[in-house]
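Open the model in your viewer and keep the selection panel within reach. At each stop you will be told what to select next and what is there.

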Amino acid sequence: MALSKLLESWPVLRQLREGDPLGLGKAVQSPRSQMLVPRIDEAEHVVHSICPYCAVGCGQLVYVRDGEVTHIEGDPASPISRGRLCPKGQASKSYVQSPLREYKVKYRRPYGTRWEELSLDDAMDMIADRIVETRAKTWRKKTGGGAPANRTMAIGNLGGATLDNEENYLIKKLMTALGIVQVENQARI
Amino acid sequence: MPSLGTSFGRGGATTFQQDLQNADCIVIMGSNMAENHPVGFQWVMEARERGAKVIHVDPRFTRTSAMATKHVGIRAGSDIAFLGGIANYILEHDLYFREYVEKYTNAPVIIDERFVDTEDADGLFSGWDPEAGRYDIESWRYEGMEVHGAAGQRGEGFEPSGEQSGHGAAGGGLHHGEPPAEDPELEHPRCVFQILKRHFRRYTPEFVAETCACSVEDFVEVCETLAANSGRERTSAFCYAVGWTQHTTGVQTIRSAAIVQQLLGNIGRPGGGIMALRGHASIQGSTDIPTLFNILPGYLPMPHTLSYHKLKNFIDSNTSPTGWWGEFKSYWVSLMKAYFGEHATEENDWLFEELPRIDSDNSAYFTVQQMLAGNVKGYIIAGENPAVGHANGKAHRLGLAKLDWLVVRDVVEIESASFWYDGPEVESGELKPEEIPTEIFFMPAAAHTEKDGSFTNTQRLLQWHWQAVEPKEDCRSELWFYFHLGRLIKQRLEDSEEERDKLIKALRWEYPTHSGIREPDAEAVLQEINGWEIESGKFLTGYPELKDDGSTVCGCWIYCGCFKDGINQTARKKPHWEQDSYVAPEWAWAWPANRRIIYNRASADPDGKPWSERKRYVWWDESDGSWTGLDVPDFKEDKEPHYVPPDDAEAEEAIAGGHPFIMQADGRAWLYVPQGLEDGPLPTHYEPHESPFDNPLYAQRANPRRQQNKDLAEDPYNPVADEPGSDVYPYVVTTYRLTEHHTAGGMTRSVPYLAELQPAMFCEVHPDLAREVGLEHGGWATIYTSRSAIEARVMVTDRVRPLQMKDGRTVHQVGLPYHWGKRGLITGDSANDLAHMALDPNVHIQEVKAFTCGIRPGRRPRGPELPKFVAELREQARSRLEASAVEPPTPGRTSRTPSASGGRGEQDPRVESEEARKTSS
């Protein structure tokens with residue numbers, strides 16, 4: 001009967017009948033909201049990660065579908081964060097998918113007035129050439145006072161506090177072997 | 001962190017965030033934890049729910065203050081006066097933890113009779129060399145110590161300092177780990193305890209109230225609360241962040257807290273400790289495995305141009321006869337084997353003589369001056385934004401514009417990549433793109449979700465993050481970039497016969513790669529960091545297994561054990577609810593040896609029993625003959641509490657069973673630091689480099705050892721105190737972060753939600769100041785210093801208090817967040833453009849938490865008018881200063897002749913980098 005159907009759809013009745021007196025659960029779902037599922041349900045896999053912002057080290061769960069991050073939320077298993085994230089951590093899906101993210105190498109030639117395109121391979125070759133050349137030209141075996149130096153003071157490397165330990169390890173290892181001593185990061189700032 | 005390193009032995013937070021819940025009192029100072037470490041702050045709230053007192057001492061009233069049980073507002077830059085006052089109050093009222101201080105600190109040690117305190121020399125310690133602008137630390141030593149170890153280098157002008165210091169290097173002359181002269185009664189006039197008492201005697205509550213602009217009552221309440229919540233039954237913790245470090249006295253500020261916590265017996269115990277709150281995901285990691293000029297992994301020093309010419313000399317100088325630094329050679333040789341493999345041999349001194357040498361300061365602020373001087377040709381920036389994030393941004397941008405080539409790696413095009421066409425200097429006409437010679441490569445970086453790797457968080461915890469998706473197009477990890485860069489360079493040099501290419505040819509640089517882009521395997525790198533035994537290939541379980549004969553490989557000795565049993569320990573993700581205690585030792589891995597509270601032997605009394613049932617953590621189990629408890633004991637497992645080392649004992653064997661600070665040569669926490677700090681064995685109150693005040697204690701106004709750039713045109717300083725011209729810049733300014741943004745903004749101004757939440761640069765000013773200068777809430781203000789001028793929206797609020805000073809003056813403070821720049825979804829002026837580059841002498845950190853400025857209503861001038869505006873004000877200040885200069889200074893307290901660079905009657909420290917410049921040419 002149309003009338004009984006109408007009565008049955010009356011939320012108050014459904015709340016009482018379905019054991020949801022406060023109307024916070026199933027009783028107040030509409031046909032549309034009944035169809036909704038959390039986007040994390042559609043994820044193909046979930047990856048344990050760590051928030052990239054401050055040093056509290058909150059646990060993150062990264063949900064992935066079709067090779068794209070679909071959601072990032074707090075990892076309840078972390079004894080430090082217990083599932084919580086701050087506004088930055090909660091926005092980290094928008095960070096990794098920022099509308100301003102750059103995906104291509106950009107090149108500015110000396111005295112240039114605009115960015116130009118450059119392939120990644122060419123950029124790597126050119127950077128390697130620059131380092132080899134600058135280093136050869138500016139190498140100092142000894143200081144002005146005659147003390148051993150084994151270095152170039154014409155090249156520097158900056159950054160590290162946002163990087164992984166493994167990355168910092170390779171940076172310091174490579175720079176030391178190249179005699180580049182001006183290696184620095186945000187610990188100074 | 002040489003402050004924590006020299007005080008306790010290791011440069012890291014002594015505790016972990018979750019343990020804050022056990023504190024009976026938490027003092028948060030130099031930090032706005034609720035807003036900047038919000039998720040960590042839940043543990044402070046847990047403690048408060050359990051009845052703990054939470055005290056916030058800060059120039060601003062923030063959300064941390066709102067959640068605290070007590071907020072005390074102080075003047076920016078007066079922290080040492082406040083903390084020294086606490087130390088004095090504890091000492092004067094006998095509130096210290098007597099047994100802890102006697103047994104676990106160097107309080108009883110007698111100091112060399114030549115030592116003279118700042119209190120007796122008007123603000124200078126003994127050994128000050130006005131010519132060199134530095135201290136000779138000979139007279140700071142323990143009485144009767146032989147000249148040994150690093151001391152042997154003194155003739156060559158170099159002492160260990162900075163990050164590599166404080167690791168027990170002053171062990172020379174200790175017999176069985178004990179200092180030569182002690183007074184267990186703490187009464188000898190030259191014992192540390194009495195020196196400390198005299199040193200802080202003038203830091204009375206009245207002095208604190210006047211210097212810090214707080215009330216005597218508030219200050220005494222803090223002291224009483226701390227003391228009442230420390231001792232056998234109770235513990236108090238300190239939390240700090242860059243509000244303490246970013247000063248020309250940054251290291252000594254943290255030292256002050258280390259002294260207070262030692263006196264109260266709060267180190268190594270649950271609910272105690274000093275929690276260093278760091279601001280980048282792996283800033284602790286990037287110091288442990290450093291991308292820093294002066295250290296190698298595990299705080300091993302880089303060889304110096306002025307000393308250590310031979311391996312033997314280097315090893316001897318850095319080996320402490322006692323304590324864990326006695327094994328220095330094992331750590332060193334294992335690192336060289338990790339770097340150079342079979343090419344590093346005993347016969348060639350593990351390639352020691354080929355290694356590059358550093359000067360005393362080759363830090364980032366040194367490098368920018370070298371750029372400005374045209375000496376630096378190439379620069380690689382990876383995940384840092386100096387054009388916005390470094391003090392005096394303009395100097396950095398002008399420096400970048402002088403390079404031949406520049407590589408910038410980031411996820412978005414940051415200001416350090418775009419300065420050449422849209423920087424403030426292009427707008428002002430000071431730079432023209434067609435005149436800038438710099439060749440620039442912008443390389444898009446992979447985000448954390450696009451790579452495997454580990455971060456070391458603020459509590460020394462290495463946490464692995466797994467890759468979720470492949471990086472797109474040209475985006476690559478730093479692991480990829482540096483690995484392939486190294487590979488390409490090695491290819492180019494493989495046939496080189498040049499001597500300079502010997503090391504790069506010898507470099508071990510083979511890592512397995514995976515996926516289409518040939519991404520190096522991050523776990524393979526972590527395995528090298530952990531290390532293995534060469535013959536068996538077996539992964540090492542901890543640093544005690546390292547050998548000095550070249551039979552072990554280890555890329556970072558303090559991280560040894562992170563790949564124990566062939567398992568990535570940093571990737572352990574056992575939920576906290578499945579673990580037995582709140583310590584959760586099976587979540588990730590902490591250095592050293594997975595210990596969560598370090599120095600935890602101190603949680604037990606000298607007999608090895610918990611100080612109290614309430615505060616039990618690690619104790620001696622008589623029946624088992626071993627240390628046990630909730631955490632991994634930070635002590636040799638079977639060393640009895642009453643073990644006395646034999647006279648000939650060396651290294652760890654020489655540490656007595658009752659001495660918990662096993663990295664220190666004498667096994668104790670250091671109230672007084674005889675070696676390892678540039679600016680004194682004890683903290684003392686100095687004014688910031690720029691401040692409107694004289695030093696109430698001494699004619700020596702600011703830290704005499706601070707680094708200044710007096711001859712650098714790009715870094716001019718404001719007149720200070722009551723120097724003529726200081727009225728051009730009459731206000732105290734402090735910079736800070738907001739919850740919704742991160743550092744220089746590259747990771748947040750590009751995020752739509754965050755940009756919407758905090759859309760605009762603003763300044764915080766008190767209603768009185770707003771009235772005084774005519775600022776309108778929501779309107780514009782121009783803030784200026786000798787360096788630059790910026791504009792910001794005005795936030796009129798009583799969160800920043802005016803300072804009521806003793807002399808009747810009212811001095812206002814201005815608060816500035818520093819996240820903005822020229823790019824992003826939201827843009828604004830950079831607060832750091834206002835700051836100067838005077839630095840702390842130990843760690844070369846800049847003073848952006850307290851300097852001076854002027855402020856006026858309205859927007860700043862545009863285009864060429866901006867530098868003109870700044871120069872006119874600077875000239876106005878300078879002309880007043882010069883007009884008043886009459887006679888040359890006379891020594892002593894009465895000398896009051898102004899100088900253009902800040903400070904009257906002051907020692908005139910030499911520009912630090914001059915020495916380096918000379919030796920590098």
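Begin by selecting residues 147-158 of chain B, a stretch of this predicted model over which pLDDT stays under 50, and for which the model has 27 contacts beyond four places in sequence. Then move to residues 908-921 of chain B, where pLDDT again stays under 50 and where the model has 35 contacts beyond four places in sequence. Set beside these two stretches the values for chain B as a whole, whose mean pLDDT is 92, with 93% of its residues reaching 70 or more. For the complex, the predictor gives an ipTM of 0.94 and a pTM of 0.94.

**Where the chains touch**

Colour chain A by its domains, which are domain 1 (2-35), domain 2 (39-96) and domain 3 (106-188). The centres of domain 1 of chain A and domain 2 of chain A, taken over C-alpha atoms, are separated by 34 Å.

Now show both chains together and select the contact between them, to which chain A brings 101 residues and chain B brings 141 residues. Which helix gives the most to the side of chain A that touches chain B? Select helix α7 (residues 165-178) of chain A, which gives the most, with 13 residues. On that side of chain A, 55 residues are nonpolar, 27 are polar and 19 are charged.

Strands of the two chains also pair with each other, and to see this you can select strand β4 (residues 106-108) of chain A together with strand β12 (residues 439-444) of chain B, which run antiparallel and are joined by three bridges. Within this pairing, look for K106(A), which stands opposite F442(B) in β12(B).

**Into chain B**

Colour chain B next, using domain 1 (2-143 + 181-276) and domain 2 (285-356 + 512-570); the centres of these two domains of chain B, taken over C-alpha atoms, lie 34 Å apart.

Select strand β2 (residues 53-57) of chain B, where five of the five residues are buried. Both faces of β2(B) are covered, with K53(B), I55(B) and V57(B) on one side and V54(B) and H56(B) on the other. Add strand β1 (residues 25-29) of chain B, which pairs with β2(B) in the parallel sense over five bridges, and then strand β3 (residues 70-72) of chain B, which also runs parallel to β2(B) and is joined to it by three bridges. H56(B) is a helpful residue to centre on here, since I28(B) stands opposite H56(B), and in β3(B) the bridge partner of H56(B) is H71(B).

Now select I26(B), one of the residues with the most contacts inside the largest nonpolar core, which has 306 residues; I86(B), V192(B), Y240(B) and I783(B) are also listed among those with the most contacts there. In soluble globular proteins, nonpolar side chains tend to be buried together. Leaving aside neighbours within four places in sequence, the residues in contact with I26(B) include L20(B), V44(B), A47(B), V54(B) and C239(B).

**A covered helix and a buried loop residue**

Go on to helix α17 (residues 393-400) of chain B, which is mostly covered, with seven of its eight residues buried. Among the buried residues of α17(B) are K394(B), H396(B), R397(B) and L400(B). To see what covers them, add the surrounding elements of chain B, including α15 (364-372), β11 (405-410) and α18 (415-422).

Then select T319(B), in the loop between α13 (311-318) and α14 (328-340) of chain B. Is T319(B) buried or exposed? T319(B) is buried, because 24 other C-beta atoms lie within 10 Å, and the cut-off for calling a residue buried is 20 or more. Not counting residues up to four places away in sequence, T319(B) touches W325(B), G326(B), F328(B) and K329(B). Add A651(B) as well, which is 332 residues from T319(B) in sequence but 8.8 Å from T319(B) in space, C-alpha to C-alpha.

**A last stop at a hairpin**

Finish with strand β13 (residues 453-456) of chain B, whose two faces are both covered, with G453(B) and F455(B) buried on one side and S454(B) and T456(B) buried on the other. Its partner is strand β14 (residues 461-465) of chain B, paired with β13(B) in the antiparallel sense over four bridges, and T456(B) stands opposite L462(B) in β14(B). The hairpin of β13(B) and β14(B) has four residues between the strands, and in this hairpin R460(B) takes a positive phi near 65°.

Terms used:
Residues are numbered from 1 along each chain as its sequence is written. Chains are lettered from A and ligands numbered from 1 in the order in which they are written. This is a predicted model: local features need pLDDT of at least 70, side-chain atom pairs count only at pLDDT 80 or more; totals for chains, interfaces and linings use all residues. pLDDT is the predictor's confidence in each residue, from 0 to 100. Two residues are in contact if their C-beta atoms, placed from the backbone, lie within 7 Å. Domain bounds come from an automatic or database domain assignment. Ala, Val, Leu, Ile, Met, Phe, Trp, Tyr, Cys and Pro count as nonpolar, Asp, Glu, Lys and Arg as charged, and the others, Gly among them, as polar. Two strands pair if DSSP finds at least two bridges between them. A residue is buried if 20 or more other C-beta atoms lie within 10 Å of its own, exposed if 12 or fewer, and partly exposed in between; C-beta atoms are placed from the backbone. A nonpolar core is a set of buried Ala, Val, Leu, Ile, Met, Phe, Trp, Tyr and Cys residues joined through C-beta atoms within 7 Å.
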